[in-house]
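This report covers a ligand site, the voids around it and some backbone geometry. Look at the sequence and the structure first.

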Amino acid sequence: MNKQEMYLQLGISPAVLSFGERILDGLKERFEAIDEMAELNQAKVIHAMQENRVSAACFAGTTGYGHDDLGRDTLEKVYASCFHTEAALVRPHITCGTHALAIALSANLLPGDELLSPVGKPYDTLEEVIGIRESKCSLKEYGVSYRQVDLLPDGSFDYDNIKKAINEKTKLVTIQRSKGYQMRPSFSVAQIGELITFVKSVKPDLLVMVDNCYGEFVEALEPSDVGADMIVGSLIKNPGGGLAPIGGYICGTQECVDRCAYRLSAPGLGQDVGASLSVMTALYQGFFLAPTVVASALKGAIFAANIYEALGYHVVPNATESRHDVIQSVELGSEAAMLAFARGIQAAAPVDSYVTPIPYPIPGYNCDVIMAAGAFVQGSSIELSADGPIREPYAVYFQGGLTWAHAKLGILMSLQKLVEDGLVTLG
Ligand SMILES: *Cc1c(COP(=O)(O)O)cnc(C)c1O
């Protein structure tokens, strides 16, 4: 069977395939640059593993208290080496990215302190953590106040108002690298570095935490290389490489990470307890694969941007701009188009491909949300997935792809469904 027949068997018409191939012809140089970056980051990860003498003994888990868990302790050293931090907390007991962020914030802010976000509204799930939306156990309930400075209309930092917002109570500054579900641009590590330098010049003893979700291994440097005291993320996104079944990480200064460990387990216990059970192999192997998995996801995002921009849709980031995370949004302009797109992503999945995604209400949204995912790890968004709230501007957020070939198939299938529903005509 040749390639065209193979794609036809999966449901991709020759017209859709050849449209995709034409777009791909123009992306060779960008894909080469992504492969270069993956090579660099692969070397960084391997060096960190070698430096910390990773061995087969690291893959045996522990049970009970988990004292002397060689695998867990070594993995934390590997993360710290790779991200150039004094210490790291990397564990299956951190249930998700929001949990990791909540630990980092609540461990390092005390009653009377103030938290500042100089980059506008944080990720939705952090609203309850901070207390922007009332919640039991929020930082607000514990007497930590919050201040926010929005980005300027062009997406840049509002330095004047950031300076004014920093006061004697300001203790910690939180910077979200990825745009999340907003239409603002994601920040480069260099931009984040400039912002960190600025806030620390205003008040040198400020702590800076970067929400690094979706950003790991997209660039050669991480925010910890440009002054962040903590970087925080989820293992079912980039650094888990698709293999980690659970977990989160916090890498940073010894002082910050010690406090996080005390908050995660208990004061006095810290990093000494926490059995790793049987997940260690997946966490190591996933971290090893992460640079190339991120490269696949990035190629998928760039391919999608170029396909949909060529068809006249508004895409963020656009077809040519540089990438700082693995998220691609496409403004499809109608509910029907969102549903068709999601059906395509679902139909291309290795798992649950026969399922039809339908919009449903999710707490925290004022409208229904559509989600497409056929993942090995439930909810994993480094695996090919798409979602979006059914409201203006009818944008889908598309991310992931453990292999480039799968990301390509998913995007072609989304286009196939739009064509079949008469929503797109290929010229
Ligand atoms: C995914 C994400 C989070 C939260 O992670 P969960 O694992 O879904 O809890 C926080 N911030 C950003 C920018 C994210 O992309």
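Helices and strands here are DSSP runs, numbered from the N terminus; a helix (H or I) has at least four residues and a strand (E) at least two. The model is predicted.

## Ligand shell

Which helix gives the largest share of the shell around the ligand? Helix H5, residues 97-108, does so, with 3 residues. The full shell consists of Cys96, Gly97, Thr98, Leu101, Tyr123, Gln176, Asp211, Cys213, Tyr214, Ser234 and Lys237. By class, 5 of these residues are nonpolar, 4 are polar and 2 are charged.

## Polar contacts and burial

Three pairs of atoms stand out for anyone setting up the site. A ligand nitrogen lies 2.6 Å from an N or O atom in the Asp211 side chain. A ligand oxygen is 2.8 Å from a backbone N or O atom of Gly97. The side chain of Lys237 places an N or O atom 3.0 Å from an oxygen atom of the ligand. On its own, the ligand has 380 Å² of accessible area, and the protein covers 90% of that.

## The largest pocket

Where does the ligand sit? It occupies the largest pocket. The volume of this pocket is about 950 Å³. The lining counts 43 residues, and Tyr123, Tyr181, Met371, Gly379 and Asp387 are the closest to the pocket centre. Tyr123 also belongs to the ligand shell.

Several elements feed the lining. H5, helix H6 (126-130), strand S11 (368-373) and strand S12 (385-389) each supply at least two residues. H5 thus appears in the pocket lining and in the shell around the ligand. By class, the pocket lining has 20 nonpolar, 15 polar and 8 charged residues.

## Cavities

How many cavities of 30 Å³ or more does the structure hold? There are 2. The largest cavity encloses about 50 Å³. Its lining is made by Ser117, Val119, Gly120, Lys121, Pro122, Leu126, Thr174, Ile175, Gln176 and Arg184. Strand S4 (residues 170-176) contributes the most, with 3 residues. The class count is 4 nonpolar, 4 polar and 2 charged. Gln176 lines this cavity and is also part of the ligand shell.

The second largest cavity holds about 40 Å³ of space. Tyr123, Gly180, Tyr181, Tyr214, Ile327 and Gln399 line it. Of this lining, 4 residues are nonpolar, 2 are polar and none is charged. Two names recur: Tyr123 and Tyr214 line this cavity and surround the ligand together with other residues. Tyr181 lines the second largest cavity and is among the residues closest to the centre of the largest pocket.

## Backbone geometry

Most peptide bonds are trans, and most residues other than glycine have a negative phi. Which peptide bonds and residues here deserve a check against that background?

Val316 and Pro317 are joined by a cis peptide bond, with omega near -5 degrees. Pro317 lies in the loop between strand S8 (314-316) and strand S9 (328-331). The bond from Glu392 to Pro393 is cis as well, and its omega is about 0 degrees. Pro393 is located in the loop between S12 and strand S13 (395-399). S12 is also one of the elements that supply the lining of the largest pocket. Asp68 has a positive phi, near 55 degrees, and is not a glycine. Its place is the loop between helix H3 (28-51) and helix H4 (70-82).

Notes. Residues numbered from 1 in each chain as written. Predicted model: local features only at pLDDT ≥ 70, side-chain atom pairs only at ≥ 80, totals over all residues. Heavy atoms only, no water. Near = heavy atom within 4 Å. Polar contact = N/O pair within 3.5 Å; in protein donor to acceptor, adjacent residues only side chain to side chain. Areas by Shrake-Rupley, 256 points an atom, 1.4 Å probe, with all protein chains shown as cover. 1 Å grid on protein atoms, 1.4 Å probe; cavity = no way out; pocket = protein on both sides within 12 Å on 5 of 7 lines; lining within 4 Å. Sits in = over half its atoms within 2 Å of the grid points. Nonpolar A, V, L, I, M, F, W, Y, C, P; charged D, E, K, R; others polar. Points joined across faces, edges and corners; volume = space filled by probe spheres on them.
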